[in-house]
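How do two copies of a chain sit against each other, and how do two helices pack within one of them? Here is a short report on both topics.

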2 protein chains.
Amino acid sequence: MINKLCKKITDLKAPIVVGLDPMLNYVPEEIKKAAFEQFGETLEGAGEAIWQFNKAIVDATADLIPAVKPQIAMYEQFGIPGLVAFKKTVDYCKEKDLVVIGDIKRGDIGSTSAAYAVGHVGKVQVGSKRYAAFDEDFVTVNPYLGSDGIQPFIDICKEENKGIFVLVKTSNPSSGEFQDQLVDGKPLYELVGKKVAEWGELHMGEAYSYVGCVVGATYPEMGKVLRKIMPKTFILVPGYGAQGGKAEDLVPYFNKDGLGAIINSSRGIIAAYKQEKYSKFGSENFADASRQAVLDMREDINSALAGK
Amino acid sequence: MINKLCKKITDLKAPIVVGLDPMLNYVPEEIKKAAFEQFGETLEGAGEAIWQFNKAIVDATADLIPAVKPQIAMYEQFGIPGLVAFKKTVDYCKEKDLVVIGDIKRGDIGSTSAAYAVGHVGKVQVGSKRYAAFDEDFVTVNPYLGSDGIQPFIDICKEENKGIFVLVKTSNPSSGEFQDQLVDGKPLYELVGKKVAEWGELHMGEAYSYVGCVVGATYPEMGKVLRKIMPKTFILVPGYGAQGGKAEDLVPYFNKDGLGAIINSSRGIIAAYKQEKYSKFGSENFADASRQAVLDMREDINSALAGK
């Protein structure tokens, strides 16, 4: 799956991933109205609205992008009907041959991490049958519990040819509170990065490992250092656009092969029609606005990389 | 809710919580057979089996215990039907007036943590209506992202009179890999503990804060230190029993008021009938075995505390 991701990025010249993190206030009124007419102002109605919203954006962008990253929290807040919309989104994106990165940030003690891994990237045994419950291609994982919380994900990913992205340095303002603390003179995120490189050796693809990491676009100096510490680790980079990360700052996240990083944008793509820049599309053409935002983002990143 | 938890612990003389972490191989054959006859060997069948298993254990123990802690991973692995069983379990335990601690270990950047908080301890807005999706009383939270990943949980818990338990020192063997790293001469978990105490001041109950923490039973020396760093913080203690934690080692996790800690046992209670010690109950009386295991655990903890 990491090889597929690399190939798709190269073929499409697009090291970008669209974050499918729908908020109800991103969804145009017309879609909400139709969903609420069918299901009422209920959790089911909300689930239907975000699913229809996602579907339109995926239809409008799937030929341009290698991958999507649905953020499960945005679905989980609507309970079971929200998670039904998550699952529909995952399945639909896979039908469209997109690589699906489930942004789930799970992580627990060994036996519990194993259950998360089974549910999201593996298969669960029920009597004599086996089922893939959520069936993403990659998931994000929190490292705070150490190796035995990561190992079950790696084991299951090996069986399934799937992968993970481990949080190393997150994009949020207070990420430094613990992640930047110095351990033997080096920040904790470097230690986590070194561990990620070690874990990565347990499950290698062709050029890159199936064990990737997350480094926020908002900390480019750290991204530069981490790129060196983890040469074979694919970096999933949130924080571009709405959170403040700029394309030119992201060049050091990439290797000389032009690979090694994939930049996420969520709000900037899926709610593009709400920006002044794309307002000409109008809310009725929100998905076309998203398509244009993808084209602009690809151009922005590729220009920065070309000037490397 | 923290006041309710304290009162129930005092009234029942039971600083214990039952971890509802069902694995299909804990569920007696008779229950699985009935569920599979109704739903087939499907995810629905698995969900039904674990729900019936949980219900019987809750019925047999609810008068003895203040709280339950369902581990959501064990449900999530069965996809949507598993999460339906999780929700049924939460609702049923609340009907029985048990305090429900959702062991979800979520944590993300601010806006995403807000979505998790809304979904698990708050209410989500859908048009003009508001819904509580999962509606636990407390949830566990991962601190790796720092304050802005925690704050949305605190804000919503303040509105709802609910609380969180933040991971400080986890019970698993490799928890030390990052958590024990020295920062200015002190282990990282102490720094996290200090932050938890600060966050706790933002949402205080009568004697204890609504912001609790998780410290594993398997590291009693660290529990002792952390108790002092966080005097008003309730400690949720996993790792007793099956993971190796002993009652006498847990005395320092408590304050002089006999409160301040709640000890979790999962496997040791819910799969008691599989132990030699409780084999006389047989699989048909598995819930009675669980009841006896609760009585024995309560006695074990209280004896240790009496000898303090």
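Val183(A) is the residue of chain A that comes closest to the rotation axis, with its C-alpha at 2.8 Å. The model is predicted. What turn lays chain A on chain B? A turn of 180 degrees does it, with a shift of 0.0 Å along the axis and an RMSD of 0.0 Å. This is therefore the relation of a two-fold axis. Both copies use the same surface: 100% of the contact residues of chain A recur in chain B.

Now the interface itself. In it, 60 residues of chain A are in contact with 60 residues of chain B. Helix α6 of chain A, residues 110–121, gives the most to chain A's side, with six residues. That side of chain A holds 30 nonpolar, 22 polar and eight charged residues.

Next, a helix pair inside chain B. Two packed helices are described by the angle between their axes and the distance between the axes. Helix α3(B) covers residues 43–61, and helix α5(B) covers residues 79–95. Their axes lie 8 Å apart, at an angle of about 20 degrees. Angles under 35 degrees count as roughly parallel, so α3(B) and α5(B) are roughly parallel to each other. The crossing of α3(B) past α5(B) is right-handed. Contact residues of α3(B) include Trp51(B) and Ile50(B), and those of α5(B) include Val84(B) and Tyr92(B).

The table sorts the residues of both contacts by class.

| Contact | Nonpolar | Polar | Charged |
|---|---|---|---|
| Side of chain A that touches chain B | 30 residues | 22 residues | eight residues |
| α3(B) with α5(B) | ten residues | five residues | three residues |

Conventions
Residues numbered from 1 in each chain as written. Chains lettered and ligands numbered in written order. Predicted model: local features only at pLDDT ≥ 70, side-chain atom pairs only at ≥ 80, totals over all residues. Axes fitted to C-alpha atoms, helices over the stretch in contact; angles between N-to-C directions. Helix = DSSP H or I, 4+ residues; strand = E, 2+ residues; numbered from the N terminus. Parallel < 35°, antiparallel > 145°, perpendicular 65-115°, else oblique. Left-handed = near helix turned anticlockwise from the far one by under 90°. Contact = placed C-beta atoms within 7 Å. Nonpolar A, V, L, I, M, F, W, Y, C, P; charged D, E, K, R; others polar. Least-squares fit on C-alpha atoms with pLDDT ≥ 70 in both.
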